[in-house]
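Student: I should like to request a close look at one part of this structure, with its strand pairing set out in order. Please then place that part in the context of the remaining packing and contacts.

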Amino acid sequence: MGGVLRKLGSMAIDGVWQLGFIARFFWLILRYSGQSFTRLHLTLRELYFSGVMSLLIILVSGLFVGLVLGLQGYETLQRYGASDSLGTLVALSLVRELGPVVAGLLFASRAGSAVTAEIGLMKVTEQLKAMDMMAVSPIARVVAPRFWGGVISMPLLAALFSAMGVFGGWLIGVVFIGVDNGAFWSQMQAAVDFRYDVLNGVIKSAVFGVAVALIAVFEGYDCVPTAEGVSRAITRTVVSSALAILAIDFVMTSFMFRGL
Amino acid sequence: MSRTTLDLWVGVFVAMGIAALLFLALKVGSISGSDIQSPYTLSARFDNIGGLKARAPVKSAGVLVGRVSEIRYDNEHFQAEVVFTVDGRYKFPTDTFANILTSGLLGEQYLGLDPGGEEKTLAPGDVIKKTQSAVVLEKLISQFMFNKAAEGEPAPAK
């Protein structure tokens, strides 16, 4: 009994300690951001690696998600004779939920894991320590650019995902099945509100960007400097990013869309 | 990779992202749909609001002129009080009718304003007195059934 309680206590202390460490790390990144922005090409480079390189997977996944939504949505809507609302269904589910969430999950596994691996390997080969010795802050030189690269690219990728998905839904609904083109767009435009739906989706994806980028750089910086430690850190990045995205999504959705 | 090609790709990426956002804003959603300028608030009391919800459209002659902002229960009159905002460009006479209508057979419900002939217009905060409640399908059907039953009854009595 005492052993179980002791274990519970140590888990709680570890959890709180970890949380505090992440918070302080986040603060440190923000503090060194100005310094790292003076060498903007570092951030641009990371924007290239996490944003541009993720383009293909995001666009292709968005297209397929849109195609599936079009097919499944039509299947259900035509039972009620409401197949004209296909555009509404596709656009709302993408802009509000699927765009930010699925793009965030893909981004965490495509770019977040790469960032963790990179920083972890730098730690293993003691490059971070070497920078410190040369009075170059590794936070400003390595961590902050990767963090901002992720934060900036995430909303853009989510928007591209949603746009591609709407295109996919249009392709299936209008081009293949034959839903009326005018009804598809006009019903969509009548139902999707810019502030309520689109802007809230963008806010969601920006928050996911911060969460994923912070977890990725933190796990890399915090990893045990061995081959095994790096591999574990990468696994943790993907798992905790996915959990964080889904949990934050639920909380934000319940605040943003109460249906009232 | 050289600096210029990297810059080019990042530029292409950011431009694509912004284009996607614009597409979502203009083509998928409609900014103009929520473009209510300098709104003012009016309210109306109904015996029954049916399925009217906050954020439902307020239309006059079929044109969107505002949105329902709040629905609350008025415990003094035992009625529903619907508060809605109207675009400042549009003024309505004081004898305007407020109806709860349904778009299509199964569509969402909205607030319809039928302007009257009065010269004075409603000021911000005013309450519309002339209202017509939502049509409740069950009541309509039961009325119809009773009428049918009443029509049928006298025949055997003859």
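**Strand β5 of chain B and its surroundings**

Tutor: In this predicted model, strand β5 (residues 97–102) of chain B runs antiparallel to strand β6 (residues 109–114) of chain B, and six bridges join the two. Within this pairing, B:Ala98 has B:Leu113 of β6(B) as its bridge partner. Strand β5(B) also pairs with strand β8 (residues 131–132) of chain B, here in the parallel sense and over two bridges. In that second pairing, B:Asn99 is the residue that stands opposite B:Gln132 of β8(B). Strand β5(B) is thus described by an antiparallel pairing with β6(B) and a parallel one with β8(B).

Chain B also touches chain A: 22 residues of chain B are in contact with 26 residues of chain A. On the chain B side of this contact, 14 residues are nonpolar, five are polar and three are charged.

Within chain A, the packing of two helices may be described in similar detail. Helix α4 (residues 86–124) of chain A packs against helix α8 (residues 194–222) of chain A at an angle of about 15 degrees, and their axes are 8 Å apart. Because of that angle, α4(A) counts as roughly parallel to α8(A), the cut-off for this term being under 35 degrees. The crossing of α4(A) and α8(A) is right-handed. The contact of α4(A) with α8(A) comprises 15 nonpolar, nine polar and five charged residues.

Key:
Residues are numbered from 1 along each chain as its sequence is written. Chains are lettered from A and ligands numbered from 1 in the order in which they are written. This is a predicted model: local features need pLDDT of at least 70, side-chain atom pairs count only at pLDDT 80 or more; totals for chains, interfaces and linings use all residues. Axes are lines fitted to C-alpha atoms, for helices over the stretch in contact, and angles run from 0 to 180 degrees between N-to-C directions. Helices (H or I, at least four residues) and strands (E, at least two) are DSSP runs, numbered from the N terminus. Angles under 35 degrees count as roughly parallel, over 145 as roughly antiparallel, 65 to 115 as roughly perpendicular and the rest as oblique. A crossing is left-handed if the near helix is turned anticlockwise from the far one by less than a right angle, and right-handed if clockwise. Ala, Val, Leu, Ile, Met, Phe, Trp, Tyr, Cys and Pro count as nonpolar, Asp, Glu, Lys and Arg as charged, and the others, Gly among them, as polar. Two residues are in contact if their C-beta atoms, placed from the backbone, lie within 7 Å. Two strands pair if DSSP finds at least two bridges between them.
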